[in-house]
Amino acid sequence: MKRSTINQIMADAAEMIRSYGFQLPPFAFWTPEEFQARRDAAQALITARCGWDITDYGAGRFDEMGLFLFTLRNGRLADLQRGGGMCYAEKLLISRQDQLSPMHTHVIKAEDIINRGGATLVVELYGSDDAGQFAEDRGGQVMCDGVARTFGPGEKLRLAPGESVTLMPGDWHAFWGEGGDVLIGEVSTVNDDETDNVFREPIGRFANIEEDVAPTHLLVSDYSNWLR
C-alpha cells in the first residue's frame, strides 16, 4: 500500500468515527516527530501496540480485502497468564462495503464484535475440527447479545447497528459490510496481532508499505523502525 493511501484512509476513518460521536484519544493525532519525542513516556502504548492499524493482508487489494483498525487499549499477556490484572483490549474497526476481512480464528483471544453504527455487518462462521483447524463441515454455537445461537457451517450472521456476537478461540470467522460501511467495536481479551491470528489461507497480517510520502501518523507496524 502507498503511504499516501494510508494517510487518506486515516483521515477518512477519523471523520467517520467522529460522525458517530466517538473521539479517538490524544495520542492518535501525534505526528511521528511527537511520538518520537514522547516515546519514553509512551512505552506502554508502544509495547501494547496501541494505535493505527491499516492492512490489505499483503494482497495489494485494500478495497476488496482489507481492514481499518485502531487499538484503543491493550492489556498484558503476563497478566492474562497469571489470571489477574489488565486482561482486556478494545479496538475500533471499519469494515467497508463488500470489503472482506478473510477467514481466521484466534488461539487465545475471545472477542465481542459489535456493530457500532452504519450498515449491516455480515459475519460468516465455521467451526473447528478436533485439532482446532478449519472445518468446512462443522458449525458451532456463539452468543449474540447474550443469547445462545447455534450456527451451521458457513452460516452468515447479519448484525444491525447495536447488535453483537461473541467469538471464542476456534470460532472461524470472516466479515464485511453489507449495504455500506460499518463502524465496529471490538472488546476482547489481551490482543497479540503478531502471533494470535490464524488465517485459513496463507496471507500476511500487515501491509507492505511504499513510502511515496511522509506518514501523517505512525501505524503500529511502524513502531519498531521509528521508535527504537
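Here are three short exercises on this predicted model, each with a worked solution.

**Exercise 1. Find which residues have the most contacts inside the largest nonpolar core, and which helix gives the most to this core.**

Let's start with the core itself: it has 32 residues, and L24, F35, W52, I54, F68 and F70 have the most contacts inside it. Next, look at the elements: helix 1 (3-19), helix 3 (43-48), strand 1 (51-55), strand 2 (67-74) and strand 3 (88-95) each supply at least two of its residues. Helix 1 gives the most, with 7 residues. Now zoom in on I54: beyond its neighbours within four places in sequence, its contacts include M1, I6, F62, A207 and L219.

**Exercise 2. Work out where the salt bridge partners D222 and R3 lie, and whether they are buried or exposed.**

First, check the distance: the closest N and O atoms of D222 and R3 are 2.9 Å apart. Then place the partners: R3 sits in helix 1, while D222 belongs to the loop between strand 12 (198-199) and helix 5 (223-226), 219 residues apart. Finally, the burial: both D222 and R3 are buried.

**Exercise 3. Classify E178 and R158 by accessibility, and say which strands their salt bridge ties together.**

Begin with the bridge, where the N to O distance between the two side chains is 3.0 Å. E178 lies in strand 11 (residues 172-189) and R158 in strand 9 (residues 155-159), so the bridge connects parts 20 residues apart in sequence. For accessibility, partly exposed runs between 20% and 50%. E178 has 29%, so E178 is partly exposed; R158, at 46%, is partly exposed too.

How values were computed. Residues numbered from 1 in each chain as written. Predicted model: local features only at pLDDT ≥ 70, side-chain atom pairs only at ≥ 80, totals over all residues. Heavy atoms only, no water. Core = buried A, V, L, I, M, F, W, Y, C linked by side-chain atoms within 4.5 Å. Buried < 20%, exposed > 50% of the residue type's maximum accessible area, 1.4 Å probe, protein only. Helix = DSSP H or I, 4+ residues; strand = E, 2+ residues; numbered from the N terminus. Contact = heavy atoms within 4.5 Å. Salt bridge = Lys/Arg side-chain N within 4 Å of Asp/Glu carboxyl O.
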